[in-house]
Amino acid sequence: MRTIASALDRKTAHEAWDWITYGYKEAEDALTNGEAATFALTQQDTHIQWIVRPVTFLPLAHRASQRLPACAEQFTCPTTHKIARHHANGH
């Protein structure tokens, strides 16, 4: 949002900064209550809209996949880690 705000006209940039400073709290409250939230900006003939929705489950990439995202190696599955350590110790 901050990056986009820097490219907007003065009035629309103020709307964006107001949301960055205060408006996000309404979206946060809505998500906490299990509700969706929307924020929209319009500048001339361009309309940008963000919609956030609460989720109860996010699917993860299968770790055996051939093309994992770069961050995949930074995190280990606690269960997999314990099993690998258990097998390495011969137990």
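## A walk through the model

Colleague: How far is the backbone oxygen of Thr42 from a polar atom of the Thr12 side chain?

Modeller: This is a predicted model, in which local features need pLDDT of at least 70 and side-chain atom pairs count only at pLDDT 80 or more, while totals for chains, interfaces and linings use all residues. Residues are numbered from 1 along each chain as its sequence is written, and side-chain values use heavy atoms, leaving out hydrogens and water. A polar contact is a pair of N or O atoms within 3.5 Å; within protein, one must be able to donate a hydrogen and the other to accept it, and residues adjacent in sequence count only if both atoms are side-chain atoms. For the Thr12 side chain and the Thr42 backbone oxygen, the distance is 3.4 Å.

Colleague: Is Thr12 buried or exposed?

Modeller: Thr12 lies in helix α2; helices (H or I, at least four residues) and strands (E, at least two) are DSSP runs, numbered from the N terminus. We call a residue buried under 20% relative accessible area, exposed over 50% and partly exposed in between, using a 1.4 Å probe and protein chains only. Because its relative accessibility is 3%, Thr12 counts as buried.

Colleague: Which two elements each supply at least two residues of the largest nonpolar core?

Modeller: A nonpolar core is a set of buried Ala, Val, Leu, Ile, Met, Phe, Trp, Tyr and Cys residues joined through side-chain atoms within 4.5 Å. The largest one has six residues: Ala5, Leu8, Ala13, Ala16, Phe39 and Leu41. The elements that each supply at least two of them are α2 (10-32) and β1 (37-43).

Colleague: Is Gln44 buried or exposed?

Modeller: Gln44 is found in the loop between β1 and β2 (46-52), and has a positive phi of about 50° although it is not a glycine. Most residues other than glycine have a negative phi. Because its relative accessibility is 73%, Gln44 counts as exposed.

Colleague: Which helix has the lowest mean pLDDT among the elements?

Modeller: The pLDDT is the predictor's confidence in each residue, from 0 to 100, and the protein averages 77. Over residues 81-87 it is below 50, and beyond near neighbours in sequence this stretch has two contacts (heavy atoms within 4.5 Å) in the model. Where pLDDT is low, the predicted coordinates should not be read in detail. While β1 has the highest mean, 92, the lowest, 48, belongs to helix α3.
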